[in-house]
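Work through the exercises below with the sequence and the coordinates at hand. Each task is followed by a stepwise solution.

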Amino acid sequence: MNENSSNTHTTPEFDASDVSPFLPIIENTDIDRLTTFGNSIGKLYTNFQSNIYLCVAAVLSITGGILFGYDLGIISGAILQLTTEFCLGVSKSEVVVSSLVAGAIVGSLTGGFLVDFLGRKVSIVLDSLIFCVGSLILILSDNFWMLVVGRLIIGYGVSLCATAECVYVSEIAPSEKRGMLVSLNETGICIGILVAYCVSFIFVDVPEGWRYMFALSVIPAVIQGIGTLFLPRTPRYLLLRGKSELALHTLQKIRGKGIRVTSEYK
């Protein structure tokens, strides 16, 4: 009986008509997913250049803050060696420390005019050179007045840096990311102060360690200057110079191809 049962059992045949109504649904779903995926890739490709500009601008914003914070905080460790090596009294030590602030005051009063006259991009590159010159004077200092002059120049560079970079970033950043990118400068200041204290701790017992402390500020200055060379001028500055077509082209370049910038340009 079992043999008969096994012989009479037949496997049901597959009928495509039973599932054919669902095939269009499956095909349409796949097509929709592919379309969505393709659009996503297209948007990433379109905005790739724009994202690069924003990333570089963010790095510059942080780097400028690091320069500010580092040069502000590094003197706390360097002055311990400077007072001994240059036989500085209390008054002269105070002059060396406060000369950076004096230079920053001058920079804050004149930096805005310089940024408007030369442009944001050129001002940042010039600022990097100022930092390098000031650091070189401090590294080679062999008397009290060289220390003061070097700190004055660094102070001017600190103020110009804060002005030029914040203006530059705010003018190229989209409105929804502007606050975040500009505030990165404040983050950089905190990082710079922390790094300065760490560097002071490392070199405070090293012979002439103060020269190394001042020398390390050249690194972020060089990064800032070189990075700025790859960025365009801001559309707003170009408009102020009457170059409206170039300003529109630059804005389109920053935002990415396929992005409508007419309303933002107006």
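Two residues are in contact when heavy atoms lie within 4.5 Å. The model is predicted, so local features need pLDDT of at least 70 and side-chain atom pairs count only at pLDDT 80 or more, while totals for chains, interfaces and linings use all residues. Residues are numbered from 1 along each chain as its sequence is written, and side-chain values use heavy atoms, with hydrogens and water left out.

**Exercise 1.** Determine which residues Phe144 touches, not counting residues up to four places away in sequence.

Step 1. Locate the residue: Phe144 belongs to helix H7 (residues 144–172). Helices are DSSP runs (H or I, at least four residues), numbered from the N terminus.

Step 2. List the contacts: Phe86, Leu88, Lys92, Val95 and Val96.

Step 3. Check one pair by distance: the C-alpha atoms of Phe144 and Phe86 are 6.9 Å apart, with these positions 58 residues apart in sequence.

Step 4. Classify the burial. Buried means under 20% relative accessible area, exposed over 50%, and partly exposed in between (1.4 Å probe, protein chains only). Phe144 has 12% relative accessibility and therefore counts as buried.

**Exercise 2.** Describe the largest nonpolar core and state which helix gives the largest share.

Step 1. Apply the criterion: a nonpolar core is a set of buried Ala, Val, Leu, Ile, Met, Phe, Trp, Tyr and Cys residues joined through side-chain atoms within 4.5 Å.

Step 2. The largest such core has 26 residues, and Leu82, Val96 and Phe214 have the most contacts inside it.

Step 3. Assign helices: H3 (48–73), H4, H5 (90–118), H6, H7, H8 (175–203) and H9 each supply at least two residues of this core. The largest share, six residues, comes from H7.

Step 4. Inspect Val96. Beyond four places in sequence, its contacts are Ile75, Ile79, Leu82, Leu88, Phe144, Leu147, Val148 and Arg151.

Step 5. Note a second, separate core of 18 residues, which includes Leu54, Val115, Tyr168 and Leu231.

**Exercise 3.** Is Arg120 buried or exposed, and which side chain does it meet in a salt bridge?

Step 1. Arg120 lies in helix H6 (residues 120–139). Its relative accessibility is 4%, so Arg120 counts as buried.

Step 2. A salt bridge is a side-chain nitrogen of Lys or Arg within 4 Å of a carboxyl oxygen of Asp or Glu. Arg120 forms one with Asp116 (3.2 Å, N to O). Asp116 is at 42% relative accessibility and therefore partly exposed.

Step 3. Add polar contacts (N or O atoms within 3.5 Å; within protein, one must be able to donate a hydrogen and the other to accept it, and residues adjacent in sequence count only if both atoms are side-chain atoms). The side chains of Arg120 and Glu171 are joined by one of 2.8 Å. The Arg120 side chain also reaches the backbone oxygen of Val115 at 3.4 Å.

Step 4. Collect the network: salt bridges link Asp116, Arg120, Glu171 and Arg236.

**Exercise 4.** Identify a salt bridge that links distant parts of the chain.

Step 1. Count: the structure holds five salt bridges.

Step 2. The side chains of Glu85 and Arg211 form one of them (4.0 Å, N to O). Glu85 is in helix H4 (residues 75–85) and Arg211 in helix H9 (residues 209–215), 126 residues apart.

Step 3. Arg211 also pairs with Glu208 (3.3 Å, N to O). Glu208 has a relative accessible area of 38% and so is partly exposed. Glu85, at 36%, is likewise partly exposed.
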